[in-house]
Amino acid sequence: NPNLQNIPIRSELGRQIRQSPNWERARALVVMPDGLSINSTHFLAGLQESIGSQLPIIGGSAADIQGRMSQTVQYHNGQVSSDSVSAFLIGGDVEIDLEVNHGCSSVGLEMTVTKSQGGFLQEIDGRKTSDVFYDYLDERPENLNMVEIIYLCLGEKLGQADSDVYEKFMVRTPLGLDKERGVLFPVELPVGTKVRMMHRDPEMI
């Protein structure tokens, strides 16, 4: 549902999950939101608040496998939809061991987000985000989506508590370039966020 950003909707989703007959034996919640229409930062924060911190949330944003970044689809009980989220619980007599490996190394100097709106990152260190990416590319691809620059991402610097789990950076993959609004990411990167360019290293994956 496109209203998944709204707090009441997220709270209702959390309530439905808690009312699942498998809730008491749940060990992890897997969620796969629409990566284009849903701000994953707000959605996950609200969902975590709704279900509590005792249950880890894992998964990832749905992407367009053909690279057009125009629409994603989610599947649930034989139904196909967009602007939605699919989720399921893992539970039972099991132990969940979570590991994170983004397969990237940082390049260049630390920078600061200086202009953004929602998922659109407009400026880094006072420069257009697209120009910052072009500094690390041999060519100037028109769309800056993950198909054209699959090896180049942005790393969001984390605090000490999070970096103990995710290393020093959370990797953010660009979804595309809107020449008026900036480079689109599946999460919000507010003004003041510290970032570095990240390069995918096959030996680290």
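In this predicted model, strand β9, made up of residues 152-157, lies alongside β13 in an antiparallel pairing held over five bridges. A good place to pick up this pairing is Leu 152, whose bridge partner in β13 is His 199.

Strand β13, which covers residues 194-200, also takes part in a pairing with β6. These two strands likewise run antiparallel, and six bridges join them. Here the reader can look for Cys 104, which stands opposite Arg 200 of β13. Strand β13 thus offers a handy landmark, with β9 as one pairing partner and β6 as another.

From β6 (104-117), the view can be moved to the loop that links this strand with β5 (85-91). Asn 101 has its place in this loop. With a relative accessibility of 53%, Asn 101 counts as exposed, because the exposed class begins over 50%. A further point of interest is the position of Asn 101 relative to Met 204: the two are 103 residues apart in sequence, while their C-alpha atoms are 8.1 Å apart in space.

Glu 95 is found in the loop between β5 and β6 as well. Its relative accessibility is 80%, and therefore Glu 95 is also classed as exposed, given the cut-off of over 50%. Glu 95 does not stand alone in its charge: together with Asp 93, Asp 97 and Glu 99, Glu 95 forms a patch of negative charge on the surface.

How values were computed
Residues numbered from 1 in each chain as written. Predicted model: local features only at pLDDT ≥ 70, side-chain atom pairs only at ≥ 80, totals over all residues. Heavy atoms only, no water. Patch = residues over 30% accessible without salt bridge, like charges linked within 9 Å, V, L, I, M, F, W, Y side chains within 5 Å. Areas by Shrake-Rupley, 256 points an atom, 1.4 Å probe, with all protein chains shown as cover. Salt bridge = Lys/Arg side-chain N within 4 Å of Asp/Glu carboxyl O. Lys, Arg positive; Asp, Glu negative; His and termini not counted. Charge placed at Lys NZ, Arg CZ, Asp CG, Glu CD. Helix = DSSP H or I, 4+ residues; strand = E, 2+ residues; numbered from the N terminus. Buried < 20%, exposed > 50% of the residue type's maximum accessible area, 1.4 Å probe, protein only. Pairing = 2+ DSSP bridges.
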